[in-house]
Amino acid sequence: MAESLKYDEIQLRVRYGETDQMGVVYHGNYAQYFEVGRVEWLRKFGVSYKQMEEDGIMLPVISLSINYKKSARYDDLLKVKTQLVKIPSATIEFDYEIVNEKNELLATGNTSLVFMDINKNRPTRCPKYILDKLQD
């Protein structure tokens with residue numbers, strides 16, 4: 001992942017409830033790991049989901065893809081790497097990588113989200129304050 005576009009990395013530990021009877025992470029939980037990475041990415045660059053919603057902007061996911069490489073297991077310490085794909089317009093797109101403590105690639109993914117005006121229930125452009133923070 002290139003540093004030229006904004007990048008962040010977080011760690012999280014796989015909880016028992018996220019796994020099946022064999023101790024393997026249920027496939028749907030990877031989307032939640034991406035969400036945690038994305039929310040923390042925004043927070044790192046000075047953007048709060050909560051504040052965005054209070055300002056009348058929602059950010060629903062419109063596209064999600066996940067490529068599974070290797071299983072994550074109960075109690076694994078994972079790194080979720082989140083990177084902005086391009087400067088946002090009416091949409092914002094992220095790429096993800098999840099690796100374990102041995103730095104083995106477990107999954108890659110991508111999400112696209114659309115900026116929605118809560119009051120009009122219509123897509124809108126990325127707020128200027130977000131673009132300004134990304135230029136810093």
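**Exercise 1. The Trp41 and Phe94 pair**

Are Trp41 and Phe94 buried or exposed? Then classify the pairing of their rings.

*Solution.* The model is predicted, so every step reads a computed structure.

Step 1. Trp41 is buried, and Phe94 is buried too. For Trp41 the relative accessible area is 1%.

Step 2. Now take the ring geometry. The ring centres of Trp41 and Phe94 are 4.9 Å apart, and the planes stand at 75°. Planes over 60 degrees apart count as edge-to-face. The pair is therefore edge-to-face.

Step 3. Place each residue. Trp41 belongs to helix α1, residues 29-44, and Phe94 belongs to strand β5, residues 91-99. The pair therefore ties together parts that are 53 residues apart in sequence.

**Exercise 2. The aromatic cluster**

Find which residues form one aromatic cluster with Trp41. Say why the pair of Trp41 and Phe45 counts as tilted.

*Solution.*

Step 1. Count the aromatic pairs. There are seven.

Step 2. Check Trp41 and Phe45. Their ring centres lie 4.8 Å apart, with the planes at 50°, so this pair is tilted.

Step 3. Check burial. Phe45 has a relative accessible area of 16% and is buried. The cut-off for buried is under 20%.

Step 4. Gather the members. Phe34, Trp41, Phe45, Phe94 and Tyr96 make up one aromatic cluster.

**Exercise 3. Helix α1**

Test the length of α1 against its expected span. Then list its buried residues.

*Solution.*

Step 1. Helix α1 has 16 residues. At 1.5 Å a residue, these should span 22 Å.

Step 2. Compare with the model. The end C-alpha atoms of α1 are 23 Å apart, which agrees.

Step 3. List the buried residues of α1: Asn29, Tyr30, Tyr33, Phe34, Gly37, Arg38, Trp41 and Leu42.

Step 4. Look past the helix. Gly46 follows α1, and its phi is positive, near 80°.

**Exercise 4. Strand β5 and its partners**

Which strands pair with β5, and over how many bridges?

*Solution.*

Step 1. Start with β4, residues 77-84. It pairs with β5 in the antiparallel sense over six bridges. A hairpin of six residues joins β4 to β5.

Step 2. Find a bridge partner. Leu84 has Phe94 in β5 as its bridge partner.

Step 3. Move to β6, residues 105-114. β5 and β6 are also antiparallel, with nine bridges. Five residues lie between them in the hairpin. In that turn, Asn103 has a positive phi of about 65°.

**Exercise 5. The setting of Tyr96**

Describe where Tyr96 sits and what its side chain touches.

*Solution.*

Step 1. Tyr96 is in strand β5. Its relative accessible area is 1%, so Tyr96 is buried.

Step 2. Look across to β6. There, Tyr96 stands opposite Gly109.

Step 3. Follow the side chain. The side chain of Tyr96 makes a polar contact with the side chain of Thr111, at 2.6 Å.

Step 4. Add one distance. From Tyr96 to Ala107 is 8.0 Å, C-alpha to C-alpha, and the two are 11 residues apart in sequence.

**Exercise 6. Positive phi in loops**

Locate Asp75 and Asn121, and state the exposure of each.

*Solution.*

Step 1. Asp75 lies in the loop between β3 and β4. Its phi is near 75°, a positive value in a residue other than glycine. With a relative accessible area of 40%, Asp75 is partly exposed.

Step 2. Asn121 sits in the loop between β7 and β8. Its phi is positive, about 50°, although Asn121 is not a glycine. Asn121 counts as exposed, at 54% relative accessibility.

**Exercise 7. The whole chain**

Give the secondary structure pattern of the protein. Then judge its compactness.

*Solution.*

Step 1. Count the elements. The protein has three helices and eight strands.

Step 2. Read them along the sequence. The pattern is β-α-α-β-β-β-β-β-β-β-α.

Step 3. Apply the globule rule. It gives 14 Å for 136 residues, and the radius of gyration is close to this at 16 Å, so the protein is as compact as a globular protein of that length.

Step 4. Add the dimensions. The C-alpha trace spans about 45 × 30 × 20 Å along its principal axes.

Step 5. Check burial overall. Of the 136 residues, 43% count as buried.

Step 6. Finish with contacts. Among contacts with a separation of 6 or more, 67% come from residues 24 or more positions apart.

Technical notes: Residues are numbered from 1 along each chain as its sequence is written. This is a predicted model: local features need pLDDT of at least 70, side-chain atom pairs count only at pLDDT 80 or more; totals for chains, interfaces and linings use all residues. Side-chain values use heavy atoms; hydrogens and water are left out. Rings of Phe, Tyr and Trp (its six-membered ring) pair if their centres lie within 6.5 Å; planes under 30 degrees apart count as stacked, over 60 as edge-to-face and the rest as tilted. Buried means under 20% relative accessible area, exposed over 50%, partly exposed in between (1.4 Å probe, protein chains only). Helices (H or I, at least four residues) and strands (E, at least two) are DSSP runs, numbered from the N terminus. A polar contact is a pair of N or O atoms within 3.5 Å; within protein, one must be able to donate a hydrogen and the other to accept it, and residues adjacent in sequence count only if both atoms are side-chain atoms. Two strands pair if DSSP finds at least two bridges between them. The expected span of a helix is 1.5 Å times one less than its number of residues. The radius of gyration is taken over C-alpha atoms; the globule rule is 2.2 Å times the number of residues to the power 0.38. Contact means heavy atoms within 4.5 Å.
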